[in-house]
Amino acid sequence: GAEIRVWCGLLGGRPALTVENTGAHIGAEALPRLFEAFYRAEGSRNRSTGGSGLGLYLVKMILDRHGAACTIENTQGVKAEVRFFPRPSSGLPAEGMVR
């Protein structure tokens, strides 16, 4: 009965994306550590049952390089929000952009 809600648009005039899973919950003590390398929220998880703990760390590294930030919070479930911020002006077009 859970839902996955996805939204994409502008927040404060900047591109943003949210994904919410209404069937999940993350312990409050884990929320600040989710983007740490090798961190796994549940002690019972190991590489054979729950991954290496690198997924969200890699997401953060990629978003950092694109001038974006991600926050994760508990709502009716768990919501991740990605917001993109302007790059410092260098007079050059952003990567991948053609003038």
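The exercises below work through a predicted model of one protein chain, each with its solution.

Residues are numbered from 1 along each chain as its sequence is written. Because the model is predicted, local features need pLDDT of at least 70 and side-chain atom pairs count only at pLDDT 80 or more, while totals for chains, interfaces and linings use all residues, and side-chain values use heavy atoms, with hydrogens and water left out.

**Exercise 1. Describe the order of helices and strands in the chain.**

Solution. Begin by counting the elements, which are DSSP runs numbered from the N terminus, where helices are H or I with at least four residues and strands are E with at least two. The chain has two helices and four strands. Then read along the sequence, and the pattern that appears is β-β-α-α-β-β.

**Exercise 2. Find the residues of the largest nonpolar core and the elements that supply them.**

Solution. A nonpolar core is a set of buried Ala, Val, Leu, Ile, Met, Phe, Trp, Tyr and Cys residues joined through side-chain atoms within 4.5 Å. Buried means under 20% relative accessible area, exposed means over 50%, and partly exposed lies in between, with a 1.4 Å probe and protein chains only. The largest such core has 11 residues, namely I26, A30, L34, F35, Y39, L63, A68, C70, I72, V78 and V82. Two or more of these residues come from each of β3 (68–74) and β4 (78–84), and β3 gives the most, with three residues. As a last step, take F35 and set aside its neighbours within four places in sequence: F35 is then in contact (heavy atoms within 4.5 Å) with L56, Y57, K60, C70 and I72.

**Exercise 3. Decide whether C8 and C70 are buried or exposed, and count the disulfides.**

Solution. C8 counts as exposed because its relative accessible area is 64%, whereas C70 counts as buried because its value is 19%. A disulfide is a pair of cysteine sulfur atoms within 2.5 Å, and by this rule the count comes to zero.

**Exercise 4. Compare the surroundings of T18 and E81.**

Solution. First place the two residues: T18 is in strand β2, and E81 is in strand β4. T18 is buried, since its relative accessible area is 12%, and E81 is buried, with 18%. Next list the contacts, leaving out residues up to four places away in sequence: T18 touches R5, V6, W7, K79, A80 and E81. For E81, leaving aside neighbours within four places, the list is L11, L17, T18, A69, C70 and T71.

**Exercise 5. Locate the nonpolar patch on the surface that includes L17.**

Solution. Patch residues have over 30% relative accessible area and no salt bridge (a side-chain nitrogen of Lys or Arg within 4 Å of a carboxyl oxygen of Asp or Glu); like charges are joined within 9 Å, and nonpolar side chains (Val, Leu, Ile, Met, Phe, Trp, Tyr) within 5 Å. I4, V6, L17 and V19 form this patch, with about 340 Å² of accessible area together, a value from the Shrake-Rupley method with a 1.4 Å probe, where for residues only the protein chains shown count as cover. At least two of its residues come from each of β1 (4–11) and β2 (14–21). L17 itself lies in β2 and counts as partly exposed because its relative accessibility is 32%.
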